[in-house]
Every structure is written in structure tokens, then in C-alpha cells.
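Subject: Handing over a structure

Dear colleague,

I am passing a structure on to you, with the sequence and the coordinates shown just below. After them I describe what was found, and I would ask you to read the notes with the structure open.

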Amino acid sequence: MDPFLSSFYLIISFFFFLLYNPNLVFVHSQIPSIVGNDHGNITQMQTYIVHVQKPTNVRLLRFKDRINWYKSFLPNTTVDSGEPRMVYAYRHVISGFAARLTAQEAEAMRAMDGVLLAYPEETLFPQTTYTPQFLGLNRWDSAWYDSEYGAGQIIAVLDSGIMSTHPSFRDAGVPPPPIKWNGNCYWGQPICNNKLIGAVAFKNGRTVSPEDKYGHGTHTASIAAGNFVDDADVLGQAKGTASGVAPKAHLAIYKVLHNVRGGKLSVAAVGGDTLKGLEEAIRNHVDVLSMSLGWVSLEMWSNSIAVGSYAAITKGIVPVAAAGNGGTSASIIANDAPWILTVGASTTDRRIRATVRLGNGEEFYGETAYQPEEFNSTQLPLVYPGVLKTTEAEICMNGSMDTFDVKGKIVLCVLGGNTNIEKGEIVKAAGGAGMILLNQPLMGNTTISEPHVLPTSHVGFSDAWKIVTYFKSVPNATAAIIFEGDKFNVRPSPSIAYFSSRGPSLMNGNIIKPDVIAPGVNVLAAWPFEVGPDANLLATSKTFDFQFGTSMATPHVAGIVAMLRNNHPSWSPAMVKSAIMTTAYKVDRDGNPIGDDSQPTGVAASVFAMGSGHVNPLAANDPGLVYDLHHYDYIHYLCGLGYTDSQVSAVAQGTVSCSKVHAIKPEQLNYPSVSVYLSSTSTQVTVNRTVTNVGDADTEYTVDFDEPDGTHVYVDPPTLKFSQVDEKKTFQVTISMKGGAAAGKKGQVSEGQFAWVSGKYYVRSPIAVTFR
């Protein structure tokens, strides 16, 4: 399972008055070093992110001058260990630096003239090929053909690095990088090529190898822009041609995720490295950021990805990031800044089927990537360690088989605690012949195809409950696992994966997040290691694996962004985002509302689970109307959130006085979705929106809407007439309580939508009304 581990970052920003002489000497009082005194020592040090105000009376023409200026804030240039205090000096993502400080030194720094903020860096964690076809992409038609497969676009992948020799990263048919490219590749030619044009890595101030020792980065990079590879499969399953969403786009790799404490589940990034990766990506002139990492934000001004992404949009770069794998709990949403395109995870209609047949004849569909032909599919005895009623036994932790005879039997194991592959290794070591993985209640019906080490079937919760009930009610219970390989057109699909994080955001003023959903379950893509029961550390020349997580959904959307930028080079980042959001669909392949795997079949997913809906590349290429935003619009929005001048200035990289800025409430941001609060004291809200015509000239749109329960919706004007392309029209949406304060219970969320309809175009925006 692709882990989404916790972390949050703190960013320290501070302004000061700068004096200058011809030798670039900076005159101000330095903070005293306290390393080694009674109040602190080297073991108490950690990296702090420091924002400083740009000098008003000096131009820092050389980066060396900027570094000297930054160093003037430090108590000294090295710590007692001999390490340099300064970890990174930034120029593009923030005005500031990362430095090793004790808490006392940071506190002293806050007291300096012009200091805005001071806090430690955060830790970020990863959010873990049929999918292009599922998205409607094919070699001879569709958005692929129209956009030249994303050729010429540079996708920056901030992740755990890359296996550069994988065939997914060959450059057959890929043009040379554009002249604007300003980066470098660690390996050089011939390993680096027209596909893999950049690869660098940053770790605590050091430049290290970008080789992927985890797999996450290789997988996400190939989803975004992997080249076509024929005869791809995982242990013989899902055979076919693998490719990324933008197979002719260029890849620039920025390794910021590293192993911590050992083990695959301990891969993380820290804020300083992440900012450095974003700094280099901006300096290198990339077009799209694909970021499958993050954690639930404290505030946007203290979130490295949010701050770095804001710097990116000022340069016309589109940031795409994972919503996180926080599951069904409300408000566990990552990367929720409105200038980021935030992506949740959905399923497709393909399953790698392994059917469980019980001794009483009942059958249940499960999944696994390991399907050995020689496995005896006759009935075998069942064992359920969960009868001990301990968590360790139920989830098959190490040692949980000690009191059971599992030799030649099939073991029932509940998900959780360790990886599913590790559960199989424990069962196999105890002599088990097979394993049935059982979802917990909130995991619902999302099942995973993994390269297990023994015959396995992973079943959804409703089936898991029936299997356990059968085991407890029948003496000498038995089961068989029957392998059936690839199955397509499975229904319902798509649906929301149980692990995909849900909103609403607690930090962005209730702007709906995620923005969209994309395939994030059982995604076949490049992998740097052998998988399955015979795996070793040496990968073949063409190894693939299935992975799942919002990490996998994110690069799908990054690839779509690359294609849209090829077709619409003049569109701003906000216009690209709007095109993807307003053309997303909210019904499944059977025409029913997209469901939520964590809920019973037939229960529709909420707007805070799927945002505007499932991405549709072909429709996004010709959306009709778009909602545009300039980067300064977000400054009005940040001031409207109540942030201090220092906090907003840290994001803006310039002096901002909110008292002089026209602050707006979050719902007034020209966003492609609408979310408002209504209460007994505020029974009506009117929001303003402006759309830009990017479709046909001389087009008339009429509004169509579904009112959220308990409300009235009024749109003025109800008709928009455009006579030319790029023409703008403004309208208002008024949402009021129906029947006064009694319309909705406190905390209840009511959903609806409005759409501008022309006959050719259908430009839809979701509405969320929260009663309080």
C-alpha cells in the first residue's frame, strides 16, 4: 500500500532593514550563537525555514551576493560539528533560506528587525496500463493525437528519484527539449536523453544521486510521461502496452523523498529539500509540477508545497499535487491551497480477479497479481487467527501464527498494521498454502492487485464479513482460490477509493477540495525492483508493478495538464485547472452517480470526496468557458482569510499590507466551484464569478442548476451571450435558505450544481452549502 504518512511544515519569514556598501557588507545586529552553552547544544538543532524581506535599496545581481546577505542573519557560518549552518539559499520559491538553528537561536532571530516568521521545517511523505485507455486516450485519435502526446512539455516530478535505465524512459519518438530548458541531468548521456532531460537530488543541503531506491518516484514519473513499452505485465497479468498519460513529454526529476529509519514505509521529505526541489524546477523553466507527497497543512503560509507552488504559478507553471491517503475521515486533506490542482483517487473497471469459493459453494470476487498456474484450487482448510481477539492476530502480524497449525491451509488476514505483502511472507513462513485478505469496514469495496509471495485473494468488506461469518458457523470450514486473470467492464466504475482523502479543508476557507479525481487503484507502471515470490534486488530490464494511492492519481492529471498546455499555450494555470474541473464527469459508466467505495454500493460520493468529478481529457481540451485567476487574486484571498501582513508577504515574496489590499472572502475567489456557509444569522450569500469564452465565438449560454436541499439558487443574469473569443462575462449566484433558519441542521452539508449550457458546451460547477 502506498503510505500517506503525517507531516507538516513550518516556514519562518522575516523582514529587516538593510544597509549597503560597495563591498556588500550587511550591517545589523546578528543573533548570538548559543550552541554548546547551557541553553542548547548540537543535538537540539534542526533545520528552520527563514523568510526575509527583499532589500529595498539594493539589487542583488549575483546569487553570491544574495547568499552573503542571507549569511549575515546567522550567528556564525558553521556549527560545532563543522557543518555549515546554511542548508539552502533560495531565490525563486521564497526570499529566504534554510539553516540549522536551535530553538533559542530561532527565537532570537524572531526578535530581529523585519522578522516575519520563524519555525522548523516540516516532514512530507509519499501519497502511493490500462488507465490511458480508461481515460479515452488512444494512439490514433483523441487528446493524444491533438496534443502531439504532450511533446515539448516539461513535467517536473518531485518524488523519490528514478530508475533511469527503465525502458519507460527511453526517448524513441521524443523531440529534443525546448530551448528554454535550463537544467541538468546527474547521469549525463547516454543515460539521460530527450525523455529524461533532468535528474537531481537534494538531501539536507547535499546534492546526492537521484537513483530511486524505493520505487515511488519511478512509478509516478512513468504514469505522467512514460514512453510506450510493449509486452508490459506484472507477473504475467495485465499484459499489453504500457505508457504514461503524456508519453512524448519530457521528464525532469527532483529527488526529495529519501529513506528514513530504513524500510519502504519510512520514505519522507523535509521542507527544506522540497523547497530546493521547487526552486530548481522553477529555475529550470518546467511547465508542470507533479507532486505526490505532502501532509495535512497547518496553514498555507507554513506549507512548503503551497508556498513553492505559489511561486510556480507566478511563472506560469501548473502545480498538481496529491490530496493524500487519509481515508474517509472528514478534513484530512493535503495540498489544499486554491492555486494547486488537488487530485483524489478513483478506481477503473479492470480487476485482476481471484475468486474465493467457500465450502458451501458461495463465491466472492477478489484480486491478486500473483496467479500461479500450478496452484491447487481445490478446497483447503481455513484458519482465522482473529479468533484470538487481539489486533496482532487479526491482522497477521509477526508471531501471530505461533499458536495455529497453518501448514497447507488458507489463512484469513485483516488489513492493517503491516503491508499486505508482509502478511503473506508471515503466512508463507508458517507453512500456509494461501491467504485471503479481508478489508476492514471503512475500506469498503476497494481491492488491490499486488504481487504476493503466495496464492492470495483480496476481498472487499461486505464479502469479508460473509467469509468470517461462514468460518465461525461451520466446523472444518474450507475455501478455494480460483485465478481468473484480467477482467474488464467491472461495475460500478469509476468509484472513489476508500483511502482517498476527503474535505472539507480546515485551512482554505472551505473551498472544495479535492478539485478532481483520477485513476489511483491498481495502476500498472514502471518499477525498479523484481516483484513476487521470486523477487530479488535486481530489476529486470522491464519490470512493472501495480500501485495504488493518490500518488498514482496525481501524475495522471499532470500528464493531462501537459497535453492541454500544448494545445493552449496562452492559458494561465488557473484556466488549465478550470478546464479540467468544469468538464469533469460525476456519473459512472452505467449513468449512476459516482459511488464511494467506503459506503454501501449505490451511495453517491460527496462533493468533498470527488470535487468536481472524474477527469475527462478530451472534454477538457475544449471546455467552452473558463474561470481565470491572476496570482495577485490569491493575495486578496489570503488577506481575507485573516492572515497577518508577514504571513501573506512570505507567500507573495514582497511586502503586503492587508489593510491596503481589497480582502475578499474565500467564496468570492473566481474559483470553478462554489462553497458557502449559511446560518440563522446569515441566511443568504451572493458570490460573483467571471468566465472567459475560449470556445466558439457568437455563442449563447443558458444557466441550468440543481438547488442544494434546503436552499434557493438564483443566477443573474440567466443567459450569457458572447460575440468573440476571449470575451469575459460576469454573473452572480445567490444562495439562500429555504424556510429560514430551520432549513438545515448545524454541520449538515447540502450539495447541488450549476452549469452554463450552449448545446455544444456544458460548463459545470458543484455547489456545497454548509449549515452552521
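Please keep in mind throughout that this is a predicted model.

I begin with a sheet, which is open, has 5 strands in the order β32-β39-β38-β34-β36, and shows mixed pairing. The edges are taken by β32 (674-678) and β36 (719-722), and because each of these has a single partner strand, one side of each is left without a neighbour in the sheet. On average, and with direction ignored, neighbouring strands of this sheet are turned by 20 degrees against each other. At the β36 edge, the pairing with strand β34 (residues 699-706) runs in the antiparallel sense and extends over 4 bridges. If you would like a residue pair to look for, Glu-700 has Lys-721 in β36 as its bridge partner.

Next come two helix pairs, and a general remark may help here: two packed helices are described by the angle between their axes and the distance between the axes.

In one pair, helix α15 (residues 633-640) packs with helix α16 (residues 645-652) at an angle of about 155 degrees, and their axes are 10 Å apart. Since angles over 145 degrees count as roughly antiparallel, that is how α15 is placed relative to α16. The crossing of α15 and α16 is right-handed. On the α15 side the contact is made by Ile-635, Leu-638 and Cys-639, while α16 contributes Val-648, Val-651 and Ala-652; sorted by class, this contact of α15 with α16 has 6 nonpolar residues, no polar and no charged ones.

In the other pair, the axes of helix α6 (residues 271-283) and helix α7 (residues 304-313) cross at roughly 10 degrees and come within 9 Å, which makes α6 roughly parallel to α7. The residues in contact are Gly-271, Thr-274, Leu-275, Leu-278 and Ile-282 of α6, together with Ser-304, Ile-305, Gly-308, Ser-309, Ala-311 and Ala-312 of α7. By class, the residues of the contact of α6 with α7 divide into 6 nonpolar and 5 polar, with no charged residue.

Lastly, I would point you to helix α12 (residues 573-582), which is mostly covered, with 10 of its 10 residues buried. Among the buried residues of α12 are Pro-573, Met-575, Lys-577, Ser-578 and Thr-582.

With best wishes

Key. Residues numbered from 1 in each chain as written. Predicted model: local features only at pLDDT ≥ 70, side-chain atom pairs only at ≥ 80, totals over all residues. Heavy atoms only, no water. Pairing = 2+ DSSP bridges. Helix = DSSP H or I, 4+ residues; strand = E, 2+ residues; numbered from the N terminus. Axes fitted to C-alpha atoms, helices over the stretch in contact; angles between N-to-C directions. Parallel < 35°, antiparallel > 145°, perpendicular 65-115°, else oblique. Left-handed = near helix turned anticlockwise from the far one by under 90°. Contact = heavy atoms within 4.5 Å. Nonpolar A, V, L, I, M, F, W, Y, C, P; charged D, E, K, R; others polar. Buried < 20%, exposed > 50% of the residue type's maximum accessible area, 1.4 Å probe, protein only.
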